[in-house]
Amino acid sequence: MSGSFTSIWLPLYGLFYMATCLYWARVAAVENRNTETFFSAGHQLAPWMAALMMAGASISGWFLLGGAAEIAHHGFALAAVLQGGIVLALPGVFFFKRMWFIGQRLRVSSQVELFRAYYQSDFLAVVSTLVAVLFALGFAAVQMRALAHLISHLTADMISPVQAAAFLSLVLFAYVAIGGMRAVGYLGALQSIFLAAAMAGFAAYALILTGGFAALNQGLRQLASTEGGAALFAVAGVIRFSAGLGRDLTAAPDATSVASLSLAFAFMGFQASPLAAKIILSTRNANGFAAGQTWVMAGFFGGLIAFGIAIIGAAGLINPNYSLAGVLGSLLQTSPWFMAWLVIGLVAGVQLLAGLALLTAGEALVRTIYKPYFHSALSRADTVNITRIVIGLLALAAVLMQFLTPVALSALAGVVLPLAFQLWTPLLGITWLRWFTRPAVVSGVGFGMAAVLLTEPLGYHILSFLGLELPWGRWPWTLHSAAWGMAANLTAVLLISAITNRRTQGEEAADVQAFIASTLKPAARVRRLTTTAWSVVLAWMFLAAGPGLIFGNTAFANIGMPSIWAWSGLFWLLGVAMIWFLSYAMDMASPLHREIEPYSPRPRLRRDQSMQEQRRLRILIITAAAAFVLIVLVNLSFGH
Amino acid sequence: MFSLRHVDRGLLVFSIWAVLGFLGLGFVLEGFSRGAYFMSLLGTGLIVAGFVAHIIVNFMCGGGFTSGEAALGVGSFGILALVFIIGWAGGTMPASNFYSGLTLFGVIILGFITYLTLRYGMRGAFSRFHGKTAPVRETRR
């Protein structure tokens, strides 16, 4: 096909995608009717839509862009990547059903509101907002950057990366600002299907390129027999007491089994994030969580990761020309329409996450931070309009950061999932472990965040800027920062919960605990199975993503495919069974029909807050200015 | 019977055709451009899968094709058939493409008749096209 003919498909499909986004945004805006349902679609998103959207947002473009590249460059040693579908589904099984019931009881529609109502903690509200903003500015933006470069490469620089990023951001801003959460939900369901189809399409084409599954494994066997090749297919021991990336100069590999386990912890951050809470609290009922987590997330998308992403990565491993960009480049010559179709699937996956992140961050900043602290008299319509402006500013900032500060963008993206994982403790305190006290959870999250920052390049750069050099690098002892953070977080929570008074909780927290105890009381069958459930989860984590992975190095040595891949495939299947067991047999996510009486707080006198709000604003400005001056002074004195 | 709202149904139908329809049409065209019958057959299979999925959604929602969907489907079919006939009449169409086209249109026509027959019965299916009007009696002045 001629050059002009091949290059028309991508813009054509791009226009189709844009038209699709704008059409469904318009449908959503018409359904919204007014500004009342902008933030949570009137809590009327269909359960099937929420299930698809949750799975698509959890996967996003990361597994295609990052997961496949990880396998293509470092082999199968970091086996937790292949268990992505299961470890991403696990937090949802624990939290979603209870979170939805509590959300209905307290009539809240975001994680920030949930934390504020239950813990009455401004700190947790700010942390949740920060995580949402980091998802928008870091995690989603870094994927958008990769996508913009890919599109530029595929159009032979006819479209520059800046133009591609600007176009994608404009479409994103348009549909989020027009239709709000309803548009994000409608398009999220579509985008998830596009993403799944693209993942399957990439895998199928990678198999065709490599000559089929048998030929692909033959290539992997040949690679394993080369010098140093075996390390690509084996977990490098349980742990290595290294000083971390950037500090440890030995050539020993870092893909240990605890590296896998701690990476799995980081994956578990997504469904504890404010983004996941936004989807859950916008859903019509709790009937779809079990099916969504079991069959859509763990089953369908988990299978696509365990085999589809693995095939794409393995193809790139045996021949670098068969990497994701290589596959698209090859398709550009042979089937440009198919290449465009795959790229649109990838765009959809990235935009699904980015749109959700922008809306959640915009709402958190305006409706749950700015309005209650600084401008409580703001009307609903003004709140929505200011949120739209903030969403536009965030989208613009993300585009600027993609091209002006790519290093900072990458550093921000690196801390998002481990920081979100630190929100496990407040969520556990709300949903299951009511003996977690407010001071314990607040301190735990604070310590956890500090530990994450101290084991990631972001904290390392900040301290270096202020003249303090850490003696360790990124992920010391081959442990991901998510695990370091959770170690500090849990230690603080357990210690402080043991020594603080549990009876000082607020009225809302007391009501939630009574409500959970009466509404979601486990049946006798479930109580009998509790020990079994704990054992099953711990055994699965140990063998599929933890230290037991080293058995996978040799367990299936003679079945024609890498043993660790076969081990991961087996534990993906067992993982689906585990998620089913927890969701349905243990009733952790199973459907439940109950009328939920909303909580009515005691009537309180509303006072004029304007003076107090102005004072808060003054304090904020003065503190920010003082902090800025202090940072500059420290940098001038000690930094370099 | 499930109760799917209008928008839910629209989203499901849209996603079915955006994935299976586009992909199927792409494979049919790719098969034509390469003269590869089995590639076209794969595309035809995907389009049929799209129809089946659409009919399942219709069943779940307790309705049939909307008039807009029917118009779009018949219109697309007509344009594709016209392009195929013009290509065939030109006399340069390879045999593989001829059989690919026949398979595609044959499967669609057969599938359509089967659908109408199963849904409305033989007589009812005919009545879908044969609109009866009330008899008009001439009046004598």
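The largest cavity in this predicted model has a volume of about 100 Å³. It is one entry in a longer list, as the structure holds six cavities of 30 Å³ or more. Both chains help to wall in the largest cavity. From chain A come A:Tyr13, A:Phe16, A:Phe194, A:Ala197, A:Ala198, A:Trp341, A:Ile344 and A:Gly345, while chain B adds B:Ala18, B:Val19 and B:Phe22. Sorted by character, the lining comes out as ten nonpolar residues, one polar and no charged. Four helices each put at least two residues into this lining: helix 1 (3–32), helix 7 (161–210) and helix 13 (336–374) of chain A, plus helix 1 (6–34) of chain B.

Next comes the interface between the chains. Here, 22 residues of chain A are in contact with 18 residues of chain B. The size of an interface is often given as the accessible area lost when the parts come together. For chain A and chain B, the buried area is about 1800 Å², and 74% of that is down to carbon and sulfur atoms. As for charged pairs, the count between the two chains is one salt bridge. In that bridge, the side chain of A:Arg284 meets the side chain of B:Asp8, at 3.8 Å from N to O.

Elsewhere in chain A, helix 3 runs over residues 62–74. Its buried residues are A:Phe63, A:Leu64, A:Leu65, A:Gly67, A:Ala68, A:Ile71 and A:Ala72. Just past the end of helix 3 sits A:Gly75, with a positive phi of about 75 degrees.

Notes. Residues numbered from 1 in each chain as written. Chains lettered and ligands numbered in written order. Predicted model: local features only at pLDDT ≥ 70, side-chain atom pairs only at ≥ 80, totals over all residues. Heavy atoms only, no water. Buried < 20%, exposed > 50% of the residue type's maximum accessible area, 1.4 Å probe, protein only. 1 Å grid on protein atoms, 1.4 Å probe; cavity = no way out; pocket = protein on both sides within 12 Å on 5 of 7 lines; lining within 4 Å. Points joined across faces, edges and corners; volume = space filled by probe spheres on them. Nonpolar A, V, L, I, M, F, W, Y, C, P; charged D, E, K, R; others polar. Contact = heavy atoms within 4.5 Å. Buried area = accessible area lost by both parts, 1.4 Å probe. Salt bridge = Lys/Arg side-chain N within 4 Å of Asp/Glu carboxyl O.
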